[in-house]
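I opened a fresh notebook page for this protein. Here is what I looked up, entry by entry, so that you can follow along.

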Amino acid sequence: MEYPMISFNGGRPEADGTYSEQTKAGMIGVIIHEVGHNFFPMIVNSDERQWTWMDEGLNTFCQYLAEKEWDYNFPSRRGEPQYIVDYMKSDKSVLSPIMTSSDNVISLGPNAYAKPATALNILRETVMGRELFDYAFKEYARRWAFKSPEPADFFRTLEDASGVDLDWFWKGWFYGVEPVDQDLVEVDWFQVDSGNPEVTKAAARAEAQRRAGTISKQRDAATKAETVVAKDSTMKDFYNSYDPYAVTDADKKKYQDYLATLSPDERKTLETNAGTNFYTLSLKNKGGIPMPVIVRMQFEDGTDSVARFPAEIWRFNDVSIKKVIATPKKVTQWTLDPFQEIADIDTENNSFPRVAAPTRFQLFKQQQRFGPQGPNPMQQQRRANQPPATQGSGKN
Ligand SMILES: [Zn+2]
């Protein structure tokens with residue numbers, strides 16, 4: 001924990017005056033961070049010996065927000081959910097909950113700085129929304145300025161200032177070591193059976209044609225001319241020309257009789273949902289932390305839409321749930337967490353149907369002349385702009 005009165009060590013340019021983007025971001029980031037400590041823990045005076053996350057975590061979160069105010073493209077090292085994935089993925093024996101006394105924390109950087117900063121960012125963007133979160137977070141700073149809050153004071157203030165029950169969130173992110181891993185196991189597709197024979201018989205015909213394409217049928221078709229009924233027409237009867245999928249007057253009457261049994265409300269429900277697609281999504285919480293479910297639907301017509309369900313979707317079963325989504329358009333692809341906002345540690349099980357992600361490999365190549373980092377882009381640019389060294393002309 002470096003505090004503002006201590007000089008910053010870092011952010012030095014190279015001898016030629018150039019500096020890498022990392023050096024630049026590190027310099028700006030550390031200044032923002034150390035100035036931030038004026039607030040946490042200097043004004044909101046938590047006990048950093050006991051709970052490192054209460055100053056470093058909160059301050060790293062504020063640093064992330066301030067960096068975005070500096071430049072929304074700022075390459076922040078901590079705060080984006082995807083950057084905590086490697087840590088959350090690690091073996092549980094080397095993980096400790098955020099709520100661990102500082103002396104016992106393993107990996108203080110990811111545990112006390114990055115994970116709480118990321119959790120708060122997720123709380124702000126995905127669970128509560130910016131407006132509500134910002135109000136509650138500021139309320140914590142207002143209430144506890146020049147006092148000594150404990151973790152429970154932070155948890156309680158964020159809940160009662162916002163009116164949102166966040167017990168599940170603190171339990172998952174602050175008291176546990178489990179990661180987030182949502183699995184979209186499968187999607188089942190349902191459509192309303194209208195009972196209209198024009199629709200049902202056409203569908204039955206299409207299905208029968210699909211089933212008829214067996215290898216034997218394809219090969220037998222080549223010998224059709226040799227069959228008994230082909231050679232001798234007296235062997236044919238009614239069923240040789242009968243079309244079971246043709247709509248008959250009897251079918252139409254049956255349909256009208258069915259409609260007559262429906263109440264006006266039932267009829268309306270049937271009409272409204274005639275073309276609706278009902279999808280049942282089977283979801284598994286493989287990681288452990290129950291999180292909001294965000295799912296993108298890509299439709300047959302090329303458009304898409306995103307549905308969001310709060311974490312309460314898991315309240316009766318935090319392992320396995322089903323969710324029905326009704327849409328007039330047919331969905332061709334489903335994707336969980338399309339904006340990388342919940343720190344899901346395995347995204348291969350986020351799509352249905354599954355989409356294979358390529359793993360790229362390179363040819364073995366001899367190592368570059370410049371060691372692991374090489375010249376920074378500023379140096380490269382400067383070298384490229386220098387005129388070539390002039391040859392001696394023979395005259396002095
Ligand atoms: Zn710090």
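**Entry 1: a serine in a loop.** I began with Ser102, which is buried, with a relative accessible area of 12%. I use buried for under 20% relative accessible area, exposed for over 50% and partly exposed for what falls in between, with a 1.4 Å probe and protein chains only. This is a predicted model, in which local features need pLDDT of at least 70 and side-chain atom pairs count only at pLDDT 80 or more, while totals for chains, interfaces and linings use all residues. Residues are numbered from 1 along each chain as its sequence is written, and side-chain values use heavy atoms, with hydrogens and water left out.

I found Ser102 in the loop between H4 and H5. Helices (H or I, at least four residues) and strands (E, at least two) are DSSP runs, numbered from the N terminus. What does Ser102 contact, leaving aside its neighbours within four places in sequence? I noted Glu48, Arg49, Gln50, Trp51, Thr52 and Leu108, where contact means heavy atoms within 4.5 Å.

Ser107 sits in the loop between H4 and H5 as well. Ser107 is partly exposed, with a relative accessible area of 35%. I paused at its phi, which is near 55 degrees, a positive value in a residue other than glycine.

**Entry 2: the zinc ion.** Which protein atoms are donors of the zinc ion? I listed His33 (NE2), His37 (NE2) and Glu56, which appears twice through OE, at 2.0 to 2.5 Å from the zinc ion. Donors here are N, O and S atoms within 2.8 Å of the metal (3.2 Å for Na, K and Ca), and sites may look incomplete because water is not among the atoms. Along the chain, the donors follow the spacing H-x3-H-x18-E.

The angles between the four donor atoms run from 56 to 153 degrees, so the arrangement is irregular. For that label I used these rules: four donors are tetrahedral if all angles lie between 85 and 135 degrees; four are square planar and six octahedral if opposite donors are over 155 degrees apart and all others between 65 and 115; anything else is irregular. Both histidines turned out to be buried: His33 has a relative accessible area of 5%, and His37 has 0%.

**Entry 3: domains and cores.** The domain assignment gives domain 1 (21–177), domain 2 (183–187 + 275–352) and domain 3 (194–273); such bounds come from an automatic or database assignment. I read off 28 Å between the C-alpha centres of domain 1 and domain 2. Their contact takes 13 residues from domain 1 and 14 residues from domain 2.

Next I looked at the largest nonpolar core, which has 45 residues. A nonpolar core is a set of buried Ala, Val, Leu, Ile, Met, Phe, Trp, Tyr and Cys residues joined through side-chain atoms within 4.5 Å. Trp53, Phe154, Phe169, Trp173 and Phe174 touch the most other members. Helices H3 (52–70), H4 (85–89), H5 (108–128), H6 (130–144), H7 (151–162) and H8 (167–173) each supply at least two residues of this core. H5 gives the most, with seven residues. Domain 1 and domain 2 both give residues to this core, so it lies between them.

I also traced Phe169, which touches Ala119, Ile122, Leu123, Val127 and Phe174, not counting residues up to four places away in sequence. A second, separate core of 17 residues includes Leu184, Val295, Phe299 and Ile321.

**Entry 4: a sheet of four strands.** In what order do the strands of the open sheet stand? I wrote down E4-E3-E6-E7, with antiparallel pairing. E4 (304–309) and E7 (351–352) are at the edges with a single partner strand each, so one side of each has no neighbour in the sheet. Two strands pair if DSSP finds at least two bridges between them; E6 (residues 331–336) and E7 are joined by two bridges. Trp334 stands opposite Phe352 in E7.

Asp337 is in the loop between E6 and E7. Asp337 is buried, with a relative accessible area of 8%, and has a positive phi of about 50 degrees although it is not a glycine.

**Entry 5: two cis bonds.** The peptide bond from Phe40 to Pro41 is cis, with omega near 10 degrees, and Pro41 is in helix H2 (residues 38–43). Another cis peptide bond joins Phe352 and Pro353, with omega about -10 degrees.
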